[in-house]
Protein chains: 2
Amino acid sequence: MSEKKIPYKIYLEESEMPKDWYNVRADMKNKPAPLLNPATLKPMTAEELGVVFCEELVRQELDNDNRYIEIPQKIRDFYKMYRPAPLVRAYCLEEKLQTPAKIYYKFEGNNTSGSHKLNSAIAQAYYAKEQGLKGVTTETGAGQWGTALSMACAYLDLDCKVYMVKCSYEQKPFRREVMRTYGASVTPSPSDTTEVGRKILAEHPGTTGSLGCAISEAVEVATHTEGYRYVLGSVLNQVLLHQSIIGVETKIAMDKYGIKPDIIIGCAGGGSNLGGLISPFMGEKLRGEADYRFIAVEPASCPSLTRGVYAYDFCDTGMVCPLAKMYTLGSGFIPSANHAGGLRYHGMSSVLSQLYADGYMEACSVEQTSVFEAAEQFARVEGILPAPESSHAIRVAIDEAMKCKETGEEKTILFGLTGTGYFDMYAYEKFNNGDMSDYIPTDEELQAGFDGIPKFPGNME
Amino acid sequence: MSEKKIPYKIYLEESEMPKDWYNVRADMKNKPAPLLNPATLKPMTAEELGVVFCEELVRQELDNDNRYIEIPQKIRDFYKMYRPAPLVRAYCLEEKLQTPAKIYYKFEGNNTSGSHKLNSAIAQAYYAKEQGLKGVTTETGAGQWGTALSMACAYLDLDCKVYMVKCSYEQKPFRREVMRTYGASVTPSPSDTTEVGRKILAEHPGTTGSLGCAISEAVEVATHTEGYRYVLGSVLNQVLLHQSIIGVETKIAMDKYGIKPDIIIGCAGGGSNLGGLISPFMGEKLRGEADYRFIAVEPASCPSLTRGVYAYDFCDTGMVCPLAKMYTLGSGFIPSANHAGGLRYHGMSSVLSQLYADGYMEACSVEQTSVFEAAEQFARVEGILPAPESSHAIRVAIDEAMKCKETGEEKTILFGLTGTGYFDMYAYEKFNNGDMSDYIPTDEELQAGFDGIPKFPGNME
């Protein structure tokens with residue numbers, strides 16, 4: 001076997017960087033189910049969606065046919081600021097594990113937002129600017145999405161209003177200050193700046209907020225303010241489309257060196273990273289050109305794929321958004337305080353849900369202490385301190401590599417390292433002090449979540 | 001002019017990465033003055049230095065002759081984990097400033113330590129390991145050096161004891177936790193684990209510590225524990241040697257694209273980054289092969305080059321270390337609470353001091369509010385949130401670019417972007433809230449510092 005020497009890190013040349021996003025829906029026989037208007041239970045029209053989202057993004061949201069969508073030059077220029085993201089051969093981890101497996105990871109954390117979220121933030125901000133809007137609104141929990149959007153808006157000179165879950169606003173002042181440095185206004189949610197916020201404050205004066213409430217506030221402001229629209233960092237089809245840049249770049253780099261992954265692993269919250277990473281590989285599988293094992297990794301505390309139901313449900317706990325068909329724990333499900341904030345979401349992208357339902361993808365769940373053990377091991381040999389979310393993928397990649405050690409198989413494992421943990425040191429501190437615990441919801445707790453899923457003919461009956 | 005299209009970022013191929021460090025002392029006619037034993041006022045011998053430092057590092061410290069020193073393979077392997085660092089063309093900043101100047105920066109922040117410190121940490125840890133030592137001790141203030149050393153020691157399976165200035169230990173718990181995640185023991189200084197610590201605690205029960213005290217503790221532990229040595233992240237000749245990797249890589253990348261900088265700018269604390277960045281360019285200037293303007297930028301609150309004296313002085317406030325000839329404000333000088341912790345050092349590398357005294361380099365000082373203004377402007381257009389230290393160089397790079405705008409000159413400006421500001425958000429918060437102030441020491445305050453510099457024939461008399 002004459003194999004080209006694989007460098008530690010593969011960086012594409014600027015000229016090799018993708019010019020198109022890849023739309024996996026074009027290759028799906030069973031398309032993802034459309035969003036439904038909760039009042040009429042009919043598919044949301046472009047017009048209805050256009051009240052909340054930018055026109056071009058609505059087009060992308062509804063486009064199940066075009067396989068490639070060109071990345072506008074201005075977005076490609078922005079991508080050049082922090083991309084290409086390196087594809088890293090984890091030589092040091094392999095040596096530490098003494099595994100015959102070859103391990104690769106696509107590292108998306110080399111930018112100030114600290115994650116892959118920037119890939120979609122710049123796209124959404126760009127189309128808002130193109131439409132002549134003044135600004136955008138959004139919510140943020142842990143803060144990665146809010147930071148990414150702030151950066152994109154600063155670059156394009158667009159106003160950015162972020163509703164940040166109040167407990168995060170208070171507990172993560174540093175994330176908040178990064179957003180402010182990029183010129184965003186950051187409001188703790190619930191706030192008295194919106195009707196829904198005032199209502200919630202009146203009903204629950206001491207509340208520290210929730211993502212659902214922050215979404216409701218951001219949507220209200222977007223739909224009630226001239227020249228504003230709402231943007232969202234995960235779950236939506238358009239987000240997976242933008243995030244396909246992760247997978248397309250990875251595939252170009254791998255093809256260049258003749259590498260073919262056997263297993264592709266990603267953490268799964270709303271699905272933006274996993275969907276982006278696997279898209280072009282999944283396309284090959286859907287077209288029957290190649291086969292890969294895809295593994296979605298979710299926290300045991302919030303197991304939407306492994307223990308959820310496949311049904312129409314609200315995307316937000318506030319129930320103001322359209323219904324999406326997805327694997328869900330119910331929009332009222334409250335996951336335990338797992339430190340991977342980005343994975344604490346009750347549902348899953350409709351695209352990934354359909355692919356999972358059709359058997360194209362596997363899923364598994366892991367507990368957070370074992371996730372942090374993997375994170376620490378990875379950090380010490382590979383040098384990068386990973387985000388808790390990303391570390392879910394590391395856990396399973398290490399497990400798969402150890403299986404190879406037992407069997408002697410030289411499998412090629414690829415996983416997505418979505419971001420860095422620099423703003424998650426409180427969680428690491430808990431782990432370092434031995435104070436971290438695991439929690440797996442009981443069947444009764446899951447049932448309570450399922451009970452909140454809307455009932456209508458064909459759904460949860 | 002047919003100019004090769006310069007990409008946004010130049011990454012060297014693995015095969016192009018430097019195999020040698022460059023020792024600028026070999027090209028200096030006036031060598032840096034030797035370290036003196038404070039008791040005898042005679043040059044420190046290799047034997048004396050060997051009590052505190054590893055043997056090979058002592059050799060490097062004293063080597064004024066060899067121009068190139070080979071980088072051991074194991075260190076080069078580690079470098080491959082986070083290097084090459086990109087040389088970035090600041091197209092977006094140029095456009096924002098509407099300047100004809102071409103601006104480049106070498107970005108050293110793409111690693112978990114968040115700065116260039118890792119370049120020397122791995123080298124020092126490596127030689128300690130090679131010597132068969134069990135571990136190393138060091139001090140850290142802001143925490144970048146301590147983090148870098150922890151990472152290097154984790155990689156080499158070497159014990160790492162960090163004495164962290166108590167106020168930082170308490171105010172920067174996240175930095176502390178990064179070090180602990182990498183397996184280092186972190187002790188707030190002063191502590192009761194050393195004689196000098198107990199003495200200081202008895203005399204000043206409420207003290208929150210100082211870098212000088214932490215150095216004294218780390219040195220005491222190193223010299224009193226079998227199998228341990230002390231390591232330091234700046235100031236020393238050996239550190240500048242290791243940091244030459246910054247400049248050598250930069251020069252290879254620039255030569256590849258036919259770029260010749262007119263002005264090279266770096267922030268200056270102890271001198272590790274500035275010395276590393278300018279080394280190979282300075283070598284050309286010293287050999288009469290090329291000319292460059294070098295600008296050292298220091299905080300107006302701690303102006304060792306611009307307002308200090310050139311004399312033998314203690315490297316530490318505890319006065320346990322050898323005397324170094326350098327531009328100094330006196331080891332007792334206490335700089336105001338500037339947020340660029342890495343630049344709050346009373347002295348300056350002997351190498352850089354000699355070059356400055358001989359007129360090969362310029363220096364200027366800037367105030368911190370103007371530094372943070374530059375940092376914010378840079379972050380918004382270039383996407384990277386810079387460390388306060390690095391932002392000193394950004395300030396002057398922008399100022400020089402604006403001069404070009406006035407004169408119409410198309411100068412090429414290169415500066416060192418040493419790190420990211422993710423652990424400096426408290427400072428950014430102050431700035432965002434308009435609560436940041438400037439402080440310039442009075443002549444009387446400086447004189448008090450000078451009064452503490454040791455007096456002996458030929459020194460400060």
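In which sense do strand β11 and β14(A) pair, and over how many bridges? Strand β11 of chain A, residues 293-299, pairs with β14(A) in the parallel sense, over five bridges. The legends below describe close-up views of a predicted model.

**Figure 1. Seven strands of chain A form an open sheet.**
The strand order is β1-β4-β5-β15-β10-β11-β14. The pairing in this sheet is mixed. β1 (9-10) and β14 (362-366) of chain A are the edge strands. Each of these two pairs on one side only.

**Figure 2. β11 and β14 of chain A run in the parallel sense.**
Five bridges join the two strands. Val297(A) stands opposite Cys364(A), a residue of β14(A). β14(A) is also an edge strand, covering residues 362-366.

**Figure 3. Helix α15 of chain A lies across four strands of chain A: β4, β5, β14 and β15.**
The helix spans residues 368-382. Beneath the title's names sit these ranges: β4 is 87-89, β5 is 102-107 and β15 is 412-417. Relative to β14(A), helix α15 runs at about 95°.

**Figure 4. A rotation of 180° superposes chain B on chain A.**
The shift along the rotation axis is 0.0 Å, and the RMSD is 0.0 Å. This is the relation of a two-fold axis. In chain B, Asn110(B) has the C-alpha nearest the axis, at 3.1 Å from it. Of the interface residues of chain B, 100% are also interface residues in chain A, so the copies meet through the same surface.

**Figure 5. The largest cavity has a volume of about 470 Å³.**
The count comes to seven cavities of 30 Å³ or more. The lining of the largest one holds 42 residues. Nearest its centre lie Phe107(A), Asn110(A), Gly109(B), Asn110(B) and Asn111(B). Both chains therefore appear in this group. Elements giving two or more residues to the lining are α3 (73-82) and β5 of chain A, with α3 (73-82) and β5 (102-107) of chain B. α3(B) gives the most, with four residues. By class, the lining has 25 nonpolar, twelve polar and five charged residues.

**Figure 6. The second largest cavity has a volume of about 50 Å³.**
Its lining includes Tyr22(B), Asn23(B), Val24(B) and Arg25(B). Asn237(B), Leu240(B) and Leu241(B) are also among the lining residues, as are Ser279(B) and Val351(B). Helix α11 of chain B, residues 237-256, gives the most to this lining, with three residues. By class, the lining has five nonpolar, three polar and one charged residues.

**Figure 7. The peptide bond from Ser189(A) to Pro190(A) is cis.**
Its omega is near 5°. Pro190(A) lies in a loop of chain A. β8 (185-189) and α9 (195-203) flank that loop.

**Figure 8. The peptide bond from Arg83(B) to Pro84(B) is cis.**
Here omega is near -5°. Pro84(B) lies in the loop between α3 and β4 (87-89) of chain B. That α3 also gives four residues to the lining of the largest cavity.

**Figure 9. Val235(A) has a positive phi.**
The angle is about 65°, although Val235(A) is not a glycine. The residue is found in the loop between β9 (228-230) and α11 (237-256) of chain A.

Key:
Residues are numbered from 1 along each chain as its sequence is written. Chains are lettered from A and ligands numbered from 1 in the order in which they are written. This is a predicted model: local features need pLDDT of at least 70, side-chain atom pairs count only at pLDDT 80 or more; totals for chains, interfaces and linings use all residues. Side-chain values use heavy atoms; hydrogens and water are left out. Two strands pair if DSSP finds at least two bridges between them. Contact means heavy atoms within 4.5 Å. Axes are lines fitted to C-alpha atoms, for helices over the stretch in contact, and angles run from 0 to 180 degrees between N-to-C directions. Copies are superposed by least squares on the C-alpha atoms of residues with pLDDT of at least 70 in both. On a 1 Å grid over the protein atoms alone, a cavity is a set of points where a 1.4 Å probe fits but cannot get out, and a pocket is an open set with protein on both sides within 12 Å along at least five of seven lines; lining residues have an atom within 4 Å of a point. Grid points are joined across faces, edges and corners, and a volume is the space filled by probe spheres set on the points. Ala, Val, Leu, Ile, Met, Phe, Trp, Tyr, Cys and Pro count as nonpolar, Asp, Glu, Lys and Arg as charged, and the others, Gly among them, as polar.
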